[in-house]
Amino acid sequence: MARIVMKFGGTSVGDIERIKNVARRVKSEVDAGNEVAVVVSAMAGTTNQLVAWCREADLVHDAREYDTVVASGEQVTVGLLSIALQAIGVHARSWLGWQIPIRTDDAHGRARIEAIEGGELIARMGRGEVPVVAGFQGVSPTGRITTLGRGGSDTSAVALAAALKADRCDIYTDVDGVYTTDPRIVAKARKLDKITFEEMLEMASLGAKVLQTRSVEMAMKHGVRVQVRSTFSDAPGTLVVDEDEIMEQKLVSGIAYSRDEAKITLVRVPDHPGIAAHVFGPLAKAGVNVDIIVQNVSEDGRATDLTFTVGKADMERALKVLDEARAEIGCERVDSDPNVAKVSAIGVGMRSHAGIASQMFDALARKGINIMVISTSEIKISVLVAEEYTELAVRALHAEYGLDAA
């Protein structure tokens, strides 16, 4: 007998028939003798509608009331799934975040989980009950409903699995696992049987949409085995596990990409201590996340160019902040380009092998793709290219590293 947390995303519970399908999947695990807890998202499209209504009511709305509104989508789903489970003979009960409770900080709209009290759920599971838990939500120190940010149900599921000391957390979605790259771009992309936490974390943060980045961080921190599976297929999924569980580590496990990038360059910035703080301090205060940062070597020792990337949606806000701080920064001008993409090669095998970067650069050069910016870490290499070359770059690198299916 195993203890399993099963998480179902919005497309998996998109209508009543799909909710009934989820109920049958849950019943099959219960019938196999497993203790099961379920985490669900809102029905597909619901959260977008709730967010739109908040903005329509007031563009500058109270974040606490925003959370009250958008958390209601999951409340509907847990109730409907509990009803569907009861209809087929499964003893199920719905739970909202504040009822467990899932305790978070008070950063409304992007709260972080601080603790989950799992004792009551463990006791009920031991008596054969299936808790159906609302993902994406928790309760603040002052007792207000909080939400965890988009994709937060993945984080809810992994955190619950850690609190319940579950043997595995199964994330059910509309894909049947983690692929070497986006199969919509590369038809020969292969599904991976296993991938390490570190590789999955890099892929999630670099554009892969399969798992939310924070959920992978939490799984790695607490050692929660995660399996990505399809709601609509019985095919085995992809296990996200510790590096020690993978016998043969490939040099490159996958190619990720993100079109949600914008490049900003500060031209001829004074080259003296403290300038970087004048640039990135105001951006941080404005809530603008900066990714790749490259500073050129100054020719005359007095001025240099400073290039960095931000999310495309944050570009205008970043430019406004920089314009307000321009006198303090002292740069000649600020250039921006929203038509860029980040393409990355990821693999734990890079730690012990040289030449991976030069192989990437050669492959892109043969396709006539110019590299604007390069960023590396222990297990990934990212390049910034013109957005129009995204798919060509992904296909070229996927083939270059031998990832194409035979």
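**Second largest pocket and salt bridges**

In this predicted model, helices α2 (46-57) and α3 (63-70) each contribute at least two residues to the lining of the second largest pocket. The space within this pocket amounts to about 400 Å³. Its lining consists of 13 residues, and those nearest the centre are Val-51, Arg-55, His-61, Tyr-66 and Gly-109. By class, the lining comprises 5 nonpolar, 5 polar and 3 charged residues.

Across the whole structure, 23 salt bridges were identified. One of them pairs Glu-35 with Arg-3, with 2.9 Å between the closest N and O atoms. This pair connects distant parts of the chain, since Glu-35 belongs to strand β2 (residues 35-40) and Arg-3 to strand β1 (residues 3-8), 32 residues apart. Glu-35 is classed as buried because its relative accessibility is 14%, and Arg-3 is likewise buried, at 19% relative accessible area.

A further salt bridge is formed by Arg-112 and Glu-217, whose closest N and O atoms lie 4.0 Å apart. Arg-112 is located in the loop between β4 (102-104) and β5 (113-116) and Glu-217 in helix α8 (residues 213-222), so this pair ties together parts separated by 105 residues in sequence. Arg-112 is partly exposed, at 43% relative accessibility, as is Glu-217, at 34%.

Asp-314 and Arg-317 also form a salt bridge, with the closest N and O atoms 2.6 Å apart. Here Asp-314 is buried, with a relative accessible area of 16%, whereas Arg-317 is partly exposed at 38% relative accessibility. In addition, Arg-268, Glu-332, Arg-333 and Asp-335 are joined into one network by salt bridges that share partners.

Definitions and conventions
Residues are numbered from 1 along each chain as its sequence is written. This is a predicted model: local features need pLDDT of at least 70, side-chain atom pairs count only at pLDDT 80 or more; totals for chains, interfaces and linings use all residues. Side-chain values use heavy atoms; hydrogens and water are left out. On a 1 Å grid over the protein atoms alone, a cavity is a set of points where a 1.4 Å probe fits but cannot get out, and a pocket is an open set with protein on both sides within 12 Å along at least five of seven lines; lining residues have an atom within 4 Å of a point. Grid points are joined across faces, edges and corners, and a volume is the space filled by probe spheres set on the points. Helices (H or I, at least four residues) and strands (E, at least two) are DSSP runs, numbered from the N terminus. Ala, Val, Leu, Ile, Met, Phe, Trp, Tyr, Cys and Pro count as nonpolar, Asp, Glu, Lys and Arg as charged, and the others, Gly among them, as polar. A salt bridge is a side-chain nitrogen of Lys or Arg within 4 Å of a carboxyl oxygen of Asp or Glu. Buried means under 20% relative accessible area, exposed over 50%, partly exposed in between (1.4 Å probe, protein chains only).
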